[in-house]
Amino acid sequence: MSETLAARASASADERPSLARIFKTFLTAGGISFGGGVVAYLREYTVRGEKWLDDDEFLDALEVSQTLPGLNAVNLSVVIGDRLRGVAGAAVAVAGILIPGMLIVMTLGVVWEERRRNPYVTAFLIGVAAAAVGLLTTVTVQLGHRQLTHWLDLTILSATFVAVTVFHISLLWVLLVIGTIAVLIYRPGSHHGEREVKLPHPHFHKRRGLLRD
Amino acid sequence: MKLFTLFWVFALLSILAVGGGTAVLPQMQHMTVDQFHWVSNKQFRDIYSIGQVAPGPNMLMVMLIGYKLAGFLGAAVVGFAFFLPDCILTLFANRLWVHFAASPWRRAVQRGMAPVAIGLMLAGTVAIAKLAVFNLVGAAIAITVFGVLLWRHVNPALLIMAGGVIYIAAMFG
């Protein structure tokens, strides 16, 4: 907390972007990110466009957003909004990122509800879901390539996957049991925790733009 | 009562979404299809696909499960349930997180939860694959998208739309 407070104190009042500007920026990212991948758009607008954060700060914020429960893009909006203008900043950032998609999803949903017996509509949605499977596989492999190459991570990963997919164990129990064991394996002072972590390939960060939820 | 159940189910699902939206898909499918019978498997797949076509987070599609059950009020309840508690949690957890920047446990949590999150994403991917890939055309679309993205970056929206159009062409062309 001290870090954020210090950061806020160091920025003079007029340096901080207005709530309207934060809202407009997140609204644009929320409205233009057709097909998902909101995280990549957020990076484009907040890092390259507005220069509110640098690349490392963005990746730090993303790492926190991925570790905390909830959607990555929404968590990221909370973290960046809070950093810029506290609770109010977080609120307008989340509103901006969600409102365009909410309106479009609801519109499409109402149309679908009327037309869902139409075989063309159904075929289109099956094709979309099949393409989504390809996208999700890519994201999972790219995000997880480190976890997929070390035996200990691969064991935790496989145990989680099998518990959910094969044994249909409730997610709450999976997180409590496997999550706790995994954190304890990497507890401070354990030799696993000290194992040097290979830095991801430079392309990795670029490809992270595919991250979707 | 129905609205109350909708609220707690989706609030719970958002809090369990460690690793993002994909990670919670199997649990969401289990609760909305098998446990509460709000939607069928096919409807769950179609609603998921609608989320893929819209801008913003793909998981906004959860609102349509609420809409199907209780109209616009149901959609609003699910929207609040899925986003509000999680945003409040993130706000405070992130401030704590910054506070504990130097704690070695912070690293342990990040390091330990990473493979769990990837395992959950994989499970979510398989859950959608079971609903969407049941013939050669679907398999070809999924594999082609995977191959194209490994080869180079293409706007996901284009791949998503192409998947839908190609499937129609293959079925009715």
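Mentor: By relative accessible area (1.4 Å probe, protein chains only), a residue is buried under 20%, exposed over 50% and partly exposed in between. This is a predicted model, in which local features need pLDDT of at least 70 and side-chain atom pairs count only at pLDDT 80 or more, while totals for chains, interfaces and linings use all residues. Residues are numbered from 1 along each chain as its sequence is written, chains are lettered from A and ligands numbered from 1 in the order in which they are written, and side-chain values use heavy atoms, with hydrogens and water left out.

Trainee: What percentage of the residues in chain A is buried?
Mentor: Chain A has 10 helices and zero strands, where helices (H or I, at least four residues) and strands (E, at least two) are DSSP runs numbered from the N terminus. Of its 213 residues, the buried part is 50%.

Trainee: What percentage of the residues of chain B counts as buried?
Mentor: Chain B has seven helices and zero strands, and its C-alpha atoms fill a box of roughly 60 × 45 × 25 Å along the principal axes. Of its 173 residues, the buried part comes to 59%.

Trainee: How far apart are the centres of domain 1 and domain 2 of chain B?
Mentor: Domain 1 covers residues 2-116 and domain 2 covers 133-173; such bounds come from an automatic or database domain assignment. Taken over C-alpha atoms, the separation of the two centres is 26 Å.

Trainee: How far apart are the end C-alpha atoms of helix α6 of chain A?
Mentor: The expected span of a helix is 1.5 Å times one less than its number of residues. Helix α6 (residues 119-144) of chain A has 26 residues and should therefore span 38 Å. The distance in the model agrees with that, at 37 Å.

Trainee: Why is α6(A) described as largely enclosed by the rest of the structure, and how many of its residues are buried?
Mentor: The helix has 26 residues, and it counts as largely enclosed because of how many of them are buried. That number is 20.

Trainee: Which residue caps the N-terminal end of α6(A)?
Mentor: A polar contact is a pair of N or O atoms within 3.5 Å; within protein, one must be able to donate a hydrogen and the other to accept it, and residues adjacent in sequence count only if both atoms are side-chain atoms. Here the acceptor side is a side-chain oxygen 2.7 Å from the backbone nitrogen of A:Y120. The capping residue is A:N118.

Trainee: Which backbone oxygen does the side chain of A:S77 reach?
Mentor: A:S77 sits in helix α5 (residues 72-115) of chain A and is buried, with a relative accessible area of 0%. At 2.8 Å, its side chain reaches the backbone oxygen of A:A73.

Trainee: Which residue meets A:D55 in a salt bridge?
Mentor: A salt bridge is a side-chain nitrogen of Lys or Arg within 4 Å of a carboxyl oxygen of Asp or Glu, and there are eight over all chains. A:D55, partly exposed at 34%, pairs at 3.0 Å, N to O, with A:R43. A:D55 lies in helix α4 of chain A and its partner in helix α3 (residues 38-49), so the pair ties together parts that are 12 residues apart in sequence. The partner of A:D55 is A:R43.

Trainee: Which residue of chain B forms a salt bridge with A:D153?
Mentor: The pair crosses between chains, from helix α7 (residues 151-165) of chain A to helix α5 (residues 104-132) of chain B. Both residues are buried. At 3.0 Å, N to O, A:D153 meets B:R111.

Trainee: Which helix gives the largest share of the nonpolar patch?
Mentor: Patches take residues with over 30% relative accessible area and no salt bridge, joining like charges within 9 Å and nonpolar side chains (Val, Leu, Ile, Met, Phe, Trp, Tyr) within 5 Å; areas come from the Shrake-Rupley method with a 1.4 Å probe, only the protein chains shown counting as cover for residues. This patch is about 840 Å², and its residues include A:V162, A:F167 and A:W173. A:V177, another of its residues, is partly exposed at 43%. Five residues of the patch come from residues 171-185 of chain A, which is helix α8.

Trainee: What is phi of A:K51?
Mentor: Most residues other than glycine have a negative phi. A:K51 lies in the loop between α3 and α4 of chain A and is exposed at 63%. Its phi is positive, near 55°.

Trainee: Where does A:H168 lie?
Mentor: A:H168 also has a positive phi, near 50°, and is exposed at 61%. Its place is the loop between α7 and α8 of chain A.
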